[in-house]
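Biologist: Could you walk me through how the features of a model like this are read, starting with the general idea each time?

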Amino acid sequence: MTVETTGPDATSSGTEAADAGNTEAGYDGAPARLGGDGRATVVAFANQKGGVGKTTTTVSLAAALAQGGARVLLVDLDPQGNASTGLDVRIGPDDPSTYDVLVEGAAVADAVRTTAIPGLTVLPSSLELAGAEVELVQAMARERALARAIDAVRPDHDLVLIDCPPSLGLLTINAFVAADQLLVPIQCEYYALEGLSQLLRTVGLVEQNLNAGLTIGNVVLTMFDARTRLAQQVVDEVRSFFGPRTFDTIIPRTVRLSEAPSYAQPITVFDPESRGAGAYLTLADEFAARLEVAAYDPARARRVAAEMKAAEVAAEQALADAAQAGDTPAEETDR
Ligand SMILES: Nc1ncnc2c1ncn2[C@@H]1O[C@H](COP(=O)(O)OP(=O)(O)O)[C@@H](O)[C@H]1O
Ligand SMILES: [Mg+2]
């Protein structure tokens, strides 16, 4: 199988891609729009395919950018809630979530949670959100519910990053109406480009009808495996289609990246010295430069990541020392 047969022009027609601002030669959209006026830039992490690295990229970038000094709000728009749990944010049945913001008109400020990383907050998702897709259909201005809610908190953040579900339904449309631009993770695998013309067409429709300011933004290649020829072919194909919109940084496939969610930590907290953390820190540098995130400092991101790890190791060592000395740690005597 060749990569060409899986390209955007092969899956449907080139004309559809052209509607979304594309030419035969590839994507040729307008420069990405930023928030401006001291207001957060809102970025939707989208690709209707599941398992391409949307959540991993949203969580890892959000963490790295916050460690570098940016005020980041991560909006978990996937009913699976993997971004929330990946940052150790768990909510009870009565706690407000993205569902309440979208369907009940709750304020974002009343539903956000803090994380272990200063400067990074999360609007958590819940399984109820799966029902929102249906419930919203009845609502007035149903495509604008998220945009309205996020606009209220734009002045308090540098960035709002939205982790989209794997579909192009009403939840994702809400993200596209709320966003200034997209970040599209593309997995270096078979059929990598399949479905992208449908994504670009949806962006084009939202731009024409609901959010004139929306642009594609950037594309990032994920789960790159240097041992396969196919991965390099996908990289070449994506670069020739999206041109300079493709981030130079490529995210490698690593075991540490796949382990981090089960520890409820982003990779830059779980293992800041790992190859995956290095890749996401470099991606954060590139992202902050392209989106002009003035609050972000690359050196600070690395220093804070190292300090957080050192503090965790020191705390574990103190516990081990106490156990060795026959002391019972305080938190256990309390019980
Ligand atoms: N670079 C990577 N290396 C190894 N595993 C990864 C990498 N990126 C993501 N994964 C794993 O692949 C699976 C799908 O990734 P995820 O970010 O959840 O995709 P999506 O949100 O698009 O469905 C998850 O189990 C995740 O831990
Ligand atoms: Mg996901």
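Modeller: What follows goes from the whole protein to the ligand shell and then to one helix. This is a predicted model, in which local features need pLDDT of at least 70 and side-chain atom pairs count only at pLDDT 80 or more, while totals for chains, interfaces and linings use all residues. Residues are numbered from 1 along each chain as its sequence is written, and chains are lettered from A and ligands numbered from 1 in the order in which they are written.

Biologist: How many helices and strands does the protein have?

Modeller: Helices (H or I, at least four residues) and strands (E, at least two) are DSSP runs, numbered from the N terminus; the protein has 16 helices and ten strands.

Biologist: Which residues surround ligand 1 most closely?

Modeller: A residue counts as near a molecule if its C-beta atom, placed from the backbone, lies within 6 Å of it. Here 17 residues surround ligand 1, and the closest are Lys54, Thr55, Thr56, Leu257 and Ser258. Two or more residues of that shell come from each of α3 (54-67), β9 (215-224) and α12 (255-259), with α3 giving the largest share, three residues.

Biologist: Is α3 mostly covered or mostly exposed, and what is its reach?

Modeller: A residue is buried if 20 or more other C-beta atoms, placed from the backbone, lie within 10 Å of its own; in α3, 14 of its 14 residues are buried. The expected span of a helix is 1.5 Å times one less than its number of residues, and α3, with 14 residues, reaches 20 Å from its first C-alpha to its last, close to the 20 Å expected. Just after α3, Gly69 takes a positive phi of about 110°.

Terms used:
A residue is buried if 20 or more other C-beta atoms lie within 10 Å of its own, exposed if 12 or fewer, and partly exposed in between; C-beta atoms are placed from the backbone.
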